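The following exercises concern charged residues, backbone angles and surface character. Please work through each task with the structure at hand before reading its solution.

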Amino acid sequence: MRFIFIITFFLISTFSVYAKPFQNSQEEIDSLTAHWEEIVTEAAQLEALLKVLIFYMENDMDKAMQYIAEFELAIDGAENHPYKGRLYNTYGNIYFNQLLYMQSTKYYMKAAEVFESIGDQEGLLAVYNNIGLIYGKQQDFQNASQYMEKALKLANNNASNKKISGTREHILLNLGVLNIENADTLQGSIYYNKALELALASKNQEIEAKVYHNQGQLFQNKSEYSSAIKLYQKALALKQKLGSNHTLVSTYCELANCYLALKSFDSALPYLQKAEAIANSITSDDIYKEVHEAYYQYYLSKNNDKKALFHLQKFSHYKEKINLKESASKISALIKQYEFEKEQRLQEAKEKAFQVRIYIIMTILLALTAITIVLYLLQKSKAKNAYYKEQQAILKHQRLALENEKLQQDVNFKNKELTSNIMHLMQKNELINKVTEELLKLQKSLKVENRKPVRQVIFSLQSSVEDQMWNSFEAHFQQVHKDFYERLHEKYPDLTANERKLCAFLRLNLSTKDISSITLQSPKAINMARFRLRKKLGINGEDTDLHAFLANF
């Protein structure tokens, strides 16, 4: 079974030192704020503001924060005024309760400065204790102990002052808790015993009950359950007398846990039922979590898995709910911490600016003058550079336009020349075809022995013309489409010379008839060559046009 120490630190407020607590209702506070302007004297104004602040600190912490700036204005010119120290300590408590420890420390230190200057031992004691608590919350046990020991020393040195000496048991209990947190159980027990001794002497039953409870946890943690039960019973009797329902629940649960450890289930159950009854009347997530955890341990010990699981789920639900609230509080604290630090930096900057405002103003004026000159020169330089860049861009654009125009003219001229050349070749081929046809007709009328020379002439004529025609065509084509063959060969290195020729003709968007006229091949042969070329180029189906495909090279 796992035991957790329920740690309770006590903030010491200077309100109880200077005046008895104000028991004001919301109606009285509203009436007081409505007639604020009717309060004449400074002391009465501060007292009234103190009442409002105390009321909202106990009932609406966010509202209490709104009165901080107003109070600081009220005491702005009051050097070492007792109220100044009291309110600084109050601000520290407000920030402490909101987990804003940096802001809290700032105001505690301001309060200490005021209390030291006017020799206020009571105020210093409260501030030292509260600073010690901040270090304790941050697990800095060495500094926490130092400040709490300083507070205890002040209380011991002023033992004749009942107001001061009455805080000793609070400080001793804090020191006990602090040492237990720091795993120094022996020293923590010593402080608990001293706190109990003073609480018994002063009849402070609240402290007495808390000491008994914490001592019971020490014995419970050592598995000395009988001793723990006796101490819890003492704490329980006092808490019942004081009517402290919130703290009764934890004692009931711890008693139940002790009896469970001793396998005394019948003794444990009544305490759990009492704790549950209080939890239902208070409806606090922390209390519900503690009660369901105890019930879970109870039913687990009795091997009642169904009920154990039910209470475990309830415990987990409230634990998660509490964790979410704590996470939200931490996030809120971080945001407020950031805002505080930001405001503090701004305030420090304002104070520094006030102290050296003439120097800063002169510096700013000189800087502004220098900046203005530099900006003017930079702007002028930028404008000049922008003008030069604009002119260069215009010239570049014009040059490119002229170059593109010249290139386009060259391309157009070469295209016209190539087209003219193709037309010439086609006309020449037609003439050759006619001559060939005439020679073929003539050949039939010749004797057999004379036909062979005629056939040789026809073959020589066609071969010579085809070579001359292709060389002339290719020279003109490469002038217009320089990289066509290179790009085509790079992607399709397996193409034959005739297939490359066909690609060149198709690149010029020549029809089958035109290609047939130039190459002296039949249209059917050209179509078959186109079909084989499409297959070799990986063009499937009729969706892709061969002319358009080759236009990309």
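**Exercise 1.** In this predicted model, determine whether Glu499 is buried or exposed, and identify the residue with which Glu499 forms a salt bridge.

*Solution.*
Step 1. Glu499 has a relative accessible area of 14% and is therefore buried, the cut-off being under 20%.
Step 2. The salt-bridge partner of Glu499 is Lys536, with the closest N and O atoms 3.1 Å apart.
Step 3. Glu499 belongs to helix α21 and Lys536 to helix α23 (residues 523–536), so this pair ties together parts that are 37 residues apart in sequence.
Step 4. Lys536 has a relative accessibility of 36% and counts as partly exposed.

**Exercise 2.** State how many salt bridges the structure holds, and describe the one formed by Lys321.

*Solution.*
Step 1. The structure holds three salt bridges.
Step 2. Lys321 pairs with Asp285, the closest N and O atoms being 3.6 Å apart.
Step 3. Because Lys321 is in helix α17 (residues 305–355) and Asp285 is in helix α16 (residues 285–301), the bridge ties together parts that are 36 residues apart in sequence.
Step 4. Asp285 is buried at 12% relative accessible area, whereas Lys321 is partly exposed at 34%.

**Exercise 3.** Lys239 has no salt bridge; establish which surroundings its side chain has instead.

*Solution.*
Step 1. Lys239 is located in helix α13 (residues 225–242).
Step 2. Lys239 is buried, and the nearest side chain of opposite charge, that of Glu290, is 8.4 Å away. A salt bridge requires a distance within 4 Å, so this pair does not qualify.
Step 3. The side chain of Lys239 does reach the backbone oxygen of Thr247, at 3.1 Å.
Step 4. Beyond its neighbours within four places in sequence, Lys239 is in contact with several residues, including Ala209, His213, Ser244 and Leu248.

**Exercise 4.** Locate Lys203 and Asn509, and decide whether each is buried or exposed.

*Solution.*
Step 1. Most residues other than glycine have a negative phi.
Step 2. Lys203, although not a glycine, has a positive phi of about 60 degrees; for Asn509, also not a glycine, the positive phi is about 65 degrees.
Step 3. Lys203 lies in the loop between α11 (185–202) and α12 (205–221), and Asn509 in the loop between α21 (497–507) and α22 (512–519).
Step 4. Lys203 is exposed at 71% relative accessibility, and Asn509 is exposed at 57%.

Methods
Residues are numbered from 1 along each chain as its sequence is written. This is a predicted model: local features need pLDDT of at least 70, side-chain atom pairs count only at pLDDT 80 or more; totals for chains, interfaces and linings use all residues. Side-chain values use heavy atoms; hydrogens and water are left out. Helices (H or I, at least four residues) and strands (E, at least two) are DSSP runs, numbered from the N terminus. Buried means under 20% relative accessible area, exposed over 50%, partly exposed in between (1.4 Å probe, protein chains only). Lys and Arg count as positive and Asp and Glu as negative; His and the chain ends are not counted. A polar contact is a pair of N or O atoms within 3.5 Å; within protein, one must be able to donate a hydrogen and the other to accept it, and residues adjacent in sequence count only if both atoms are side-chain atoms. Contact means heavy atoms within 4.5 Å.
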